[in-house]
Amino acid sequence: MAEIIAEINGKINGIVWGIPMMILIIGTGLYLTIRTGFLQFSKFGYAMKNTIGKVFHKVEAKEGAVTPLQALTTALAATVGTGNIAGVCGAIAVGGPGAIFWMWVSALVGMCTKFAEVTLAIKYRERNDKGDWVGGPMYYIKNGLGQNWKWLGTLFAIFGMLAAFGIGNMTQVNTIATTIGSAIGEFVTMSDGAMNIVYLIIGIVVASISALVYLGGLKRIGSVTEKLVPVMAIIYILGCLAVIITNSQHVGKVFSDIFIGAFNPGAVVGGVAGVGIKQAITKGVGRGIFSNEAGLGSAPIAHAAADTDSAVRQGLFGVFEVFADTIVICTLTALTVMCAYTGDNAMSIEFGQSAGAGLAISAFSTTFGGKAAGVVVAIGLTLFALSTVLSWGLYGTRCAEFLFGTRIIKPYQVLFCLFMIVGATMELQLAWDIADTLNGLMAIPNLIALLLLSPVVFKLVREYFSDPARALEKKAK
């Protein structure tokens with residue numbers, strides 16, 4: 001039965017994440033970019049000043065909302081995940097160094113896509129029965145396109161509710177368990193049975209932490225991610241910089257390989273079979289989208305809860321989100337791996353072969369040593385995956401709430417936590433594959449809505465940047 005499911009999913013996945021989908025996602029981003037006057041570039045300084053530039057400005061959110069920064073960190077908690085480590089390693093191994101160039105391309109256009117998603121999420125959000133702000137693609141489809149399009153929002157909510165159990169739950173907890181288990185194995189020899197007990201304990205701990213956060217509602221999720229995201233980012237960034245600085249003599253060669261490999265992979269990987277420009281593009285773009293989630297419609301669910309008077313101003317947080325996730329963190333992973341495997345280093349990458357976090361551990365080991373490298377990656381992946389679990393729990397809950405009302409919130413969260421324990425002790429390749437397919441299916445109704453509602457985005461952008469103060473005043477009235 002599992003083989004039949006895997007075969008069916010494989011065929012659907014090939015369509016969902018095929019070249020047409022890549023063209024649709026990148027094409028939508030390019031269209032939004034051109035029509036907004038290349039906003040992510042022309043307003044980049046303004047966006048940074050009004051997002052990360054105000055990170056230390058203490059503000060209190062009103063009832064039923066979180067601060068704009070908490071909305072950002074909740075969304076970042078979901079996007080900055082295992083894809084930033086294992087996903088980048090896989091893209092390099094299968095698509096060659098040139099895949100990183102195409103990952104950058106997807107991020108640069110994805111900044112505008114995420115901006116539009118977040119802007120629409122604020123524009124068309126509503127209050128639920130508990131008084132919380134709720135929004136996202138299902139709401140901007142229903143409230144922006146009208147009741148005749150509600151079926152499209154329902155499709156998104158179904159895909160999102162189910163995808164959360166895979167990409168935002170079981171697979172993440174399994175990554176935490178196996179990574180910590182591998183780190184422990186570097187110091188203590190354990191039987192398979194004993195290791196499975198360790199996995200089970202880790203699953204119970206993660207489920208308990210998550211339950212405590214969910215019990216506190218929207219504000220507690222925002223409060224936790226506000227503290228967790230900066231800590232995990234700083235720890236990982238410092239680890240990457242240590243490896244890059246140690247191998248700084250190879251940085252020039254690495255960038256050369258990235259740009260040459262983007263258009264002529266064979267010149268970099270030595271003509272390895274299967275590594276061509278198609279692989280470089282599909283793996284780079286695909287892993288970029290998987291990491292920053294631009295176009296998938298997940299992050300707007302978190303941003304919709306922001307206590308803000310301006311849809312455009314919150315949309316700028318979407319620009320920063322993609323920049324931080326892909327241009328900064330994914331790039332650091334890529335440079336760490338490639339610097340460690342360039343020049344006279346004894347190790348080499350088997351291009352054309354799938355790879356994951358093990359490649360990063362080996363890269364970190366060139367600076368920190370084997371045992372310490374395992375600990376560094378284990379800490380990074382654990383924090384990344386835990387933050388993803390917390391945010392996707394919110395995403396899945398909001399999708400379920402759209403379908404069944406607020407009465408489903410607690411039952412869904414209880415089930416969500418129970419699945420964490422299951423995920424910690426299982427082989428989950430099929431779950432990863434199905435979740436990947438569901439993520440792609442989420443993108444289809446979201447991208448349709450973005451294109452149909454794009455005139456609203458363009459109008460809001462014109463109004464805001466012609467006079468930001470007046471736009472806020474108009475919104476208040």
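**Exercise 1. Which residue forms a salt bridge with Glu-401, and how far apart are the closest N and O atoms?**

Solution. Start with the model. It is predicted: local features need pLDDT of at least 70, side-chain atom pairs count only at pLDDT 80 or more, and totals for chains, interfaces and linings use all residues. Residues are numbered from 1 along each chain as its sequence is written, and side-chain values use heavy atoms, with hydrogens and water left out.

Step 1. Apply the rule: a salt bridge is a side-chain nitrogen of Lys or Arg within 4 Å of a carboxyl oxygen of Asp or Glu. The partner of Glu-401 is Arg-398, with the closest N and O atoms 2.9 Å apart.

Step 2. Place the pair. Glu-401 and Arg-398 are three residues apart in helix H18, so about one helical turn separates them. Helices are DSSP runs (H or I, at least four residues), numbered from the N terminus.

Step 3. Check the cover. Buried means under 20% relative accessible area, exposed over 50%, and partly exposed in between (1.4 Å probe, protein chains only). Glu-401 has 5% relative accessibility and counts as buried. Arg-398 is buried too, at 6%.

**Exercise 2. Find how many salt bridges the structure holds, then describe those of Lys-11 and Lys-459.**

Solution.

Step 1. The structure holds six salt bridges.

Step 2. Lys-11 pairs with Glu-7, and their closest N and O atoms lie 3.8 Å apart. The two are four residues apart in helix H1 (residues 2-16), about one helical turn. Both Glu-7 and Lys-11 are exposed.

Step 3. Lys-459 pairs with Glu-463, at 2.7 Å between the closest N and O atoms. Both sit in helix H21 (residues 454-466), four residues apart. Lys-459 is partly exposed at 42% relative accessible area. Glu-463 is partly exposed at 25%.

Step 4. Link spacing to direction. An α-helix has 3.6 residues a turn, so residues three or four places apart point the same way.

**Exercise 3. Test the length of helix H10, then list its buried residues.**

Solution.

Step 1. The expected span of a helix is 1.5 Å times one less than its number of residues. H10 (residues 192-215) has 24 residues, so the span should be 34 Å. Its end C-alpha atoms are 34 Å apart, which agrees.

Step 2. The buried residues of H10 are Met-195, Val-198, Tyr-199, Ile-202, Gly-203, Val-206, Ala-207, Ser-210, Val-213 and Tyr-214.

Step 3. Look past the end. Just after H10, Gly-217 has a positive phi of about 75°.

**Exercise 4. How many aromatic pairs are there, and which parts does the pair of Tyr-214 and Phe-416 tie together?**

Solution.

Step 1. Rings of Phe, Tyr and Trp (its six-membered ring) pair if their centres lie within 6.5 Å; planes under 30 degrees apart count as stacked, over 60 as edge-to-face and the rest as tilted. By this rule the count is 22 aromatic pairs.

Step 2. Tyr-214 and Phe-416 make an edge-to-face pair, 6.2 Å centre to centre with 65° between the planes. Tyr-214 lies in H10 and Phe-416 in helix H19 (residues 409-424), so the pair ties together parts 202 residues apart in sequence. Both Tyr-214 and Phe-416 are buried.

Step 3. Tyr-236 and Phe-384 are also edge-to-face, at 5.3 Å centre to centre and 65° between the planes. Tyr-236 is in helix H11 (residues 217-246) and Phe-384 in helix H18 (residues 370-404), 148 residues apart. Tyr-236 is buried at 3% relative accessible area. Phe-384 is buried at 0%.

Step 4. Ring pairs also link Phe-101, Trp-102, Trp-104, Phe-255, Phe-259 and Phe-263 into a cluster.

**Exercise 5. Which helix gives the most to the nonpolar patch?**

Solution.

Step 1. Patch residues have over 30% relative accessible area and no salt bridge; like charges are joined within 9 Å, nonpolar side chains (Val, Leu, Ile, Met, Phe, Trp, Tyr) within 5 Å.

Step 2. The members are Trp-149, Trp-151, Leu-155, Ile-444, Ile-448 and Leu-452, with about 510 Å² of accessible area together (Shrake-Rupley method, 1.4 Å probe; for residues, only the protein chains shown count as cover).

Step 3. Helices H9 (150-185) and H20 (429-452) each supply at least two residues. H20 gives the most, with three. Leu-452 is in H20 and is partly exposed at 42%.

**Exercise 6. Where is confidence lowest and where highest?**

Solution. pLDDT is the predictor's confidence in each residue, from 0 to 100. The protein's mean is 84, and 91% of its residues reach 70 or more. Confidence is lowest in helix H22 (residues 468-476), at a mean of 53, and highest in helix H8 (residues 137-145), at 95.
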